[in-house]
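Biologist: Could you walk me through this one, please? I have not looked at it before.

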2 protein chains.
Amino acid sequence: MVTIERICTFSLRVIAILTTFSATIVMITSHERVRLNEVSYEAKYSDMPTFKFFVIANAIVCIYGLLVLCLPSKSLLWGLIVALDMVLTMLLTSSISAALAIGQVEKNGNSSAGWLPVCGQVPKFCDQITGALAVSSIGVIIYMLLILYAIHNALDPLLVHNS
Amino acid sequence: MVTIERICTFSLRVIAILTTFSATIVMITSHERVRLNEVSYEAKYSDMPTFKFFVIANAIVCIYGLLVLCLPSKSLLWGLIVALDMVLTMLLTSSISAALAIGQVEKNGNSSAGWLPVCGQVPKFCDQITGALAVSSIGVIIYMLLILYAIHNALDPLLVHNS
């Protein structure tokens, strides 16, 4: 039972590393150059502070995931992992939300603020941003599952073993 | 010792309710009307889907906080509270990040996307958004402290009691 549990959490952590790594790469490589009425326009992730934050957050969580896998099974640090998982999941969630908010304005614009949508001009760029956000969201879901499972084990919700 | 602990967590939960409630009210009441070259321009929170999400998230967390305080101390649901705290803190964090991303564009604009800043025209509106974000952030910090404390108690990080 313990072995199945270990294999599951190990696999989930590996998938989380792969998703955050992919999200970082997909976001970094997102750029598109178009010519609009003799004017060249290039959209790239580094134009938006939010997308830079997304790249940094995903890279940090990816490196953290690798470090956790390298941790010896007898290490005293394992007791801290749930807390660290939580802090880094917060970081990842906040980077995805921020990027999603900007992505939504890029797609639909905002008439009251006078911001025009840009996705009509650079659809490939927007698709890549959407892809990065979707992949990174899988990473957040995995970390949430890991944390909820750890809390479930530690705190015995609904006191099932006591009743 | 248990009593001091209870008073502390109770007080923190009350402060969290007050912060999320204030953030909701400050955001809802944020609007400013100005006349720019004979054109009337009104900035209000409901123009931005992100700010609406911020209001909804803060209202949900505020109501959740009230429900937790009403929970009888013998309730079986207490075992679930840490997990629920975590999910709702995620919701709050994500709403703050999204609102912060939009607020940043409102303040500085984005030259590459051609989005002009609006805070120059409606400074009072922007100050109120900033206030709501700051107050709500205090709520997130409180919930994170509560969760980290619960994890600390349950999981015994660094195995201090075993050594």
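**How the copies are related**

Modeller: Chain A is superposed on chain B by a rotation of 180° with 0.0 Å of shift along its axis, at an RMSD of 0.0 Å, where the fit is by least squares on the C-alpha atoms of residues with pLDDT of at least 70 in both copies. The two copies are thus related as by a two-fold rotation axis. In chain A, the C-alpha nearest that axis belongs to A98(A), 2.1 Å from it. This is a predicted model, in which local features need pLDDT of at least 70 and side-chain atom pairs count only at pLDDT 80 or more, while totals for chains, interfaces and linings use all residues. Residues are numbered from 1 along each chain as its sequence is written, chains are lettered from A in the order in which they are written, and side-chain values use heavy atoms, with hydrogens and water left out.

Biologist: OK, how many residues does each chain put into the contact?

Modeller: Chain A gives 39 residues and chain B gives 39 residues, with contact meaning heavy atoms within 4.5 Å. Because 97% of the interface residues of chain A are also interface residues in chain B, the copies meet through the same surface.

Biologist: And how much area do chain A and chain B bury between them?

Modeller: They bury about 3600 Å², 78% of it on carbon and sulfur atoms; this is the accessible area (1.4 Å probe) that the two parts lose on being put together, summed over both.

Biologist: Which helix of chain A gives the most to the side that touches chain B?

Modeller: That is helix 3 of chain A, with 17 residues, helices being DSSP runs of H or I with at least four residues, and strands runs of E with at least two, numbered from the N terminus.

Biologist: Switching topic, how do strand 1 and strand 2 of chain B run?

Modeller: Strand 1 (residues 31-36) and strand 2 (residues 39-44) of chain B run antiparallel and are joined by six bridges, where pairing requires that DSSP finds at least two bridges between two strands. The two strands form a hairpin with two residues between them, and N37(B) in the turn has a positive phi of about 50°.

Biologist: Which residues face each other there?

Modeller: Among them, E32(B) stands opposite A43(B) in strand 2 of chain B, and R33(B) has E42(B) as its bridge partner in that strand.
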